[in-house]
Every structure is written in structure tokens, then in C-alpha cells.
Amino acid sequence: MFSKLVLATHNQGKVAEMSDLLRSFEVEVVSAKDFGLSAPDETEDSFAGNALIKARYVSAKTGLPALADDSGLCVKALHGAPGVYSADWAGPEKDFGKAMDLVYEKMDGAEDHSACFISVFALVTPDEQERVFEGRCEGKLVWPPRGTGGFGYDPMFVPAGEARTFGEMTMDEKKKYSHRAKAFAEFKKIFT
Ligand code: IMP
């Protein structure tokens, strides 16, 4: 693999989960924040497009391989929203209580609570090689949100086959189901 890898994210929840996933690799993991980098604008309308923007930016700025995750919650009754705009729904103050309220409000009593989390990892190396890996986690939304674990929309999402929300699970329990762990499993395949 590489001796050093930069995580192209400022989201502490993602840094924690991605560092944990990379634990079994003999690689020094650092984050874009350690380099004082700002976050580039995510101007694409796909997870893959935005993940590539982030990984390209960080790899170009650091001269190191960069791994980015672009992810979000896609709600069936909302035709896939908030999707790539999942972070934006929390506003500049990153208030996910508010974002979860907004999802509930927009669902407007819809009976179908199906939703999925999608994560796309982009790996960009300094020689400009690019790879993307996708993971999905199907589930349903519950109201009111439950649990204080995880981040973002975790307290309102119950993965299929479970009764607890991601917010009620430990990071290890969430890993069994999570979209990010699945994208990571795809990423891992290229090194084995
Ligand atoms: P971005 O990929 O940085 O644009 O942001 C993705 C947003 O999707 C995060 O800020 C969270 O709101 C949401 N999200 C992505 N993955 C998860 C997760 O595992 N749990 C809860 N929310 C998530």
C-alpha cells in the first residue's frame, strides 16, 4: 500500500470511522486538517464526483495519496433527498437536530420510511491515478431520533435487520452494517 495516506475530510465523525477502518493497514493516517487545508467546494451532483473533487484537491496540495468519502442519506419518499446535500441541510452551524427535523417535516407523514446511506470513496494518488468504491446501507427512518452515538443523521436511521438506530450503536456495531464499511471493503480488495 502506501506509507502515508491523507483523509480528505474535515468531518471528525468520518475521520474517526475511516481511521478505525484503516487500522489494520500499515499506513500512517493523517487528515486534511493536519495540513491546514480548507475544504474545496463540492460542486458535483453525484457522490463520486464530489469524492473525487476532495481527493484530487488534497492529493495535489500535499503530494500524497488522498482518500475522500462523499456520503449522504437518501430518503425514498423524498426522491433521494437530501442525498449529496445531506451536510447542507444542517446549515452553516452543522445542526443535525435541525437537519433531522427538516427530513421529518418534508416527509409530511409519508408511510414509506425507507432510506439508505450511500458512501463513495475516492482514492487519488500523486501520479493522478483515480479509483472510486461505493457502499450502501439500506434501512428505515424513525422518529423521534434515538441515541447519542455516531454523527449526522445516525439517531434517525435503523439499518435493515436491526431494531436500534445507528445512534444507539457503538462504532464497532455500526461497522457491521455501514455504507462506509462497505465502501471500505471494496477499497481493501485492491490491496489483497
Ligand atoms: P459530505 O460527504 O461531507 O458532503 O457530507 C455527508 C453528510 O452525510 C454528513 O455530514 C452527514 O450528515 C451525512 N452522513 C454521511 N454518512 C453518515 C453516517 O454514517 N451517519 C450519519 N450521517 C451521515
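For a chain of 192 residues, a compact globule would be expected to have a radius of gyration near 16 Å, and the protein, at 16 Å, agrees with this expectation (taken over C-alpha atoms, with the globule rule being 2.2 Å times the number of residues to the power 0.38). The model is predicted, so that local features need pLDDT of at least 70 and side-chain atom pairs count only at pLDDT 80 or more, whereas totals for chains, interfaces and linings use all residues. Residues are numbered from 1 along each chain as its sequence is written, and side-chain values use heavy atoms, with hydrogens and water left out.

Along the principal axes, the C-alpha atoms fill a box of roughly 50 × 30 × 25 Å. The secondary structure comprises 5 helices and 6 strands (DSSP runs numbered from the N terminus, H or I of at least four residues for helices and E of at least two for strands), arranged from the N terminus as β-α-β-α-β-α-β-β-β-α-α. Of the 192 residues, 48% count as buried (under 20% relative accessible area, with a 1.4 Å probe and protein chains only).

Helix α2, formed by residues 47-62, reaches 23 Å from its first C-alpha to its last, close to the 22 Å expected for its 16 residues (1.5 Å times one less than the number of residues). Its buried positions are F47, G49, N50, A51, L52, I53, K54, A55, V58, S59 and T62, and these buried residues pack against β1 (4-7), α1 (12-21), β3 (66-75), β4 (114-124) and β5 (130-141). The helix α2 is followed by G63, for which phi is positive, near 70°.

Conventions: Buried means under 20% relative accessible area, exposed over 50%, partly exposed in between (1.4 Å probe, protein chains only). Contact means heavy atoms within 4.5 Å.
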